[in-house]
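Here are some notes for a colleague who is opening this structure for the first time. Please keep the sequence and the model side by side while reading the points below.

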Amino acid sequence: GDRIVELAGGEQSVTAGPTLTVAFSPDAIEAEIRALLLETGLEIVGGPSALGLWTLAVTGEISPAEAVGALQGRTDIVESAEED
């Protein structure tokens, strides 16, 4: 079902569909992350948590498993990625 996610700015985002939990590399720059999200059809819907984890919604034509694989392939930017 739909989940309400509280974003850092106090806004709320309703996400329907699969989400992933991702840890980005501390040296990853925002432009690289943004480009990766655009090319994989993912959108940030929450985070970072106290542990530095982000919640990403799968919005494109890609399956959650394919999205995890694409993220895990980018070890220069992504430390870990898993389906929620």
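1. In this predicted model, leucine 42 is a useful place to begin: leaving aside residues up to four places away in sequence, leucine 42 touches Leu20, Leu37, Leu56, Ala57, Val58, Thr59, Ala67 and Leu71.

2. Leu42 also belongs to the largest nonpolar core, which has 16 residues, and is listed among those with the most contacts inside it, together with Leu20, Val22, Phe24, Leu56, Leu71 and Val78. Two or more residues of this core come from each of the elements β3 (19-24), α1, β5 (53-58), α2 (64-72) and β6 (78-83). In soluble globular proteins, nonpolar side chains tend to be buried together.

3. Threonine 40 deserves a separate look, and the reader may ask in which helix threonine 40 lies. The helix is α1, which spans residues 30-40. Threonine 40 counts as buried because its relative accessibility is 7%, under the 20% cut-off. Its side chain reaches the backbone oxygen of leucine 36 at 2.7 Å, and, not counting residues up to four places away in sequence, threonine 40 touches Ile62 and Ala70.

4. For the protein as a whole, two helices and six strands are present, and they follow the pattern β-β-β-α-β-β-α-β when read along the sequence. Among contacts with a separation of 6 or more, 56% are accounted for by residues 24 or more positions apart.

5. On burial and surface, 36% of the 84 residues in the protein are buried, while the protein exposes about 5000 Å², of which carbon and sulfur atoms supply 51%.

Conventions
Residues are numbered from 1 along each chain as its sequence is written. This is a predicted model: local features need pLDDT of at least 70, side-chain atom pairs count only at pLDDT 80 or more; totals for chains, interfaces and linings use all residues. Side-chain values use heavy atoms; hydrogens and water are left out. Helices (H or I, at least four residues) and strands (E, at least two) are DSSP runs, numbered from the N terminus. Buried means under 20% relative accessible area, exposed over 50%, partly exposed in between (1.4 Å probe, protein chains only). A polar contact is a pair of N or O atoms within 3.5 Å; within protein, one must be able to donate a hydrogen and the other to accept it, and residues adjacent in sequence count only if both atoms are side-chain atoms. Contact means heavy atoms within 4.5 Å. A nonpolar core is a set of buried Ala, Val, Leu, Ile, Met, Phe, Trp, Tyr and Cys residues joined through side-chain atoms within 4.5 Å. Accessible areas come from the Shrake-Rupley method with a 1.4 Å probe; for residues, only the protein chains shown count as cover.
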